[in-house]
Amino acid sequence: MSENHAILTIKDQTYELPLIEGSEGDKAMDIRTLLKDTGYITLDSGYMNTGSCKSAITFVDGQKGILNYRGYAIDELAERCSFVEVVYLLLIGELPTREQLKNFRELMAKHALIHEDMIHFFDHFPPNASPMSILSTMVNTLCNFYPELTADTDDALLSVAARLISKVRTIAAFSYKKSIGHPLVYPRYDLSYCGNFLNMMFDKPVRPYVVKPELVATLNKLLILHADHEQNCSTSTVRLVGSAGVNLYASISAGISALWGPLHGGANQAVIKMLEAIHHDNNDFEKYIKKAKDPNDPFLLSGFGHRVYKTFDPRATIIKEACEQTLKALNVDDPLLEIAEKLEEIARNDDYFIKRNLYPNVDFYSGIIYRAMGIPTDMFTVMFAMGRLPGWIAHWQEMIQDTKDRKIGRPRQIYTGAKKRKFVPFDERG
Ligand code: ACO
């Protein structure tokens, strides 16, 4: 980090603001003493221009379309690693050796079951309960069953993370089996993380599931691409909730709730609903493009646009290619793929989208792959949550360990309500 100062002038007073530069050239002004020094706060709705922390986990350059985890380019990781390797990388900061990976896999396998008493919880949700609500609830309650939660050494962190990541996969698959009234399929020691998930989802007593290597490879890729994305809405939620000192499970449960929103991870479901609507409307693209451009219509092109990327989202490029390959490998002919590709082409040639730098994001093509795998639409955001878990945990840990800069998250406001006034007793109010 190199540091010098910016000069801020307010009326006739000048103030020095330290300048901070990150390892990849990010620039910031440190305003932490601004209120004390000047009496002013900064106002930044939606945190368009506010850095909430320093972080060494993930780097995003939204102008160039670059995404690196711990310094490694996302396309290389997605092509050459398993999800479990990337989990280790995000948590520890280095790719695992053969021995470290073997031990971590063992740890994941060891923690795959959930306490049998938790299984009864599933019976008390209504049949069409949202899987995101179930996931958030179940993760929150894990703290009652597994309260030992120290993550102050690498080994302790790996143990806590293995437990959470492994159990979330089991909860996700169990919630699906419960929703369709089928018997639960337990995790197996001999299957990989992704192979186990597919088996728990689709194996049936009457028809054993054969885990397809190409589906395992695609799922690995999807989870890697979702594994972290620096200070997005859900990760910032995990950090904010965690900054109050609450346990990891409760912090992650809050992150799951944030991810649920259609402007965030919930967009992958919304994309499919939008593509289906276009399909049922005889592919009337013009109607939907017009709606998306109308400032008086709340409709947006789901899966388009991003706060940080003002060019291609590198994840979307990889997912689009994986989508075409997976559908081909599975011999699936989904009309929604053609509709998505056509919609992308129209939008990318339309002035409205060009001027605003709106490109497909990570959610635009992922749902079409999940559909081809047989995953129901209302579980798409659960898939995103499974992928994002290592990022959430790594950020929670980084925040907890930052004893120098850690503070409870507590933004300020500009009050615009009634000025101080005299209380009106009940009898005098008419
Ligand atoms: N369709 C149509 N217009 C859009 C879209 C879209 N998908 N996204 C942004 N715009 C327009 C806005 O209306 C605005 O227009 P204006 O300047 O005329 O007012 C302009 O583009 C800038 O958009 P903002 O809303 O200011 O961008 P912001 O950074 O606040 O929002 C967001 C980013 C939430 C992703 C937005 O693009 C969006 O809602 N996209 C659709 C939902 C979606 O796909 N979310 C997933 C994002 S990726 C993720 O979270 C995992």
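Buried area is the accessible area (1.4 Å probe) that two parts lose on being put together, summed over both. I wrote that down before anything else, since my notes keep coming back to it.

**Entry 1: what I have open.** I'm looking at a predicted model. The domain assignment splits the protein into domain 1, residues 2–61, and domain 2, residues 69–411. I looked up how far apart they sit: 32 Å lie between their centres, taken over C-alpha atoms.

**Entry 2: where the domains meet.** How much area is buried between domain 1 and domain 2? I get about 1300 Å², with carbon and sulfur atoms giving 52% of that. On the domain 1 side, I57, T58 and V60 lose the most area to domain 2. Together these three make up 50% of what that side buries. Counting residues in contact, I find 13 from domain 1 and 16 from domain 2.

**Entry 3: polar links across the interface.** I checked for polar contacts next, and 7 residue pairs turn up between domain 1 and domain 2, both residues at pLDDT 80 or more. How many salt bridges does the rule find across this interface? I noted 1. I also looked up R32 and D405, which form a salt bridge, their closest N and O atoms being 3.2 Å apart.

**Entry 4: a sheet.** I moved on to the strands and found an open sheet of 3, in the order β1-β2-β3, with antiparallel pairing. Which strands are at the edges? They are β1 (5–10) and β3 (27–29), each pairing on one side only. From one strand to the next, the twist averages 30°. A general reminder to myself: in a regular strand the side chains alternate between the two faces of the sheet.

**Entry 5: β1 with β2.** These two run antiparallel and are joined by 6 bridges. I picked out H5, whose bridge partner in β2 is P18. The two strands form a hairpin with 2 residues between them. In that turn, K11 has a positive phi of about 55°.

**Entry 6: β2 with β3.** Strand β2 covers residues 13–21, and its antiparallel pairing with β3 runs over 3 bridges. Here I followed I20 across to its bridge partner in β3, A28. This hairpin has 5 residues between the strands. Which residue takes a positive phi here? My note says G25, near 95°.

Notes: Residues numbered from 1 in each chain as written. Predicted model: local features only at pLDDT ≥ 70, side-chain atom pairs only at ≥ 80, totals over all residues. Heavy atoms only, no water. Pairing = 2+ DSSP bridges. Helix = DSSP H or I, 4+ residues; strand = E, 2+ residues; numbered from the N terminus. Axes fitted to C-alpha atoms, helices over the stretch in contact; angles between N-to-C directions. Domains from an automatic or database assignment. Contact = heavy atoms within 4.5 Å. Salt bridge = Lys/Arg side-chain N within 4 Å of Asp/Glu carboxyl O. Polar contact = N/O pair within 3.5 Å; in protein donor to acceptor, adjacent residues only side chain to side chain.
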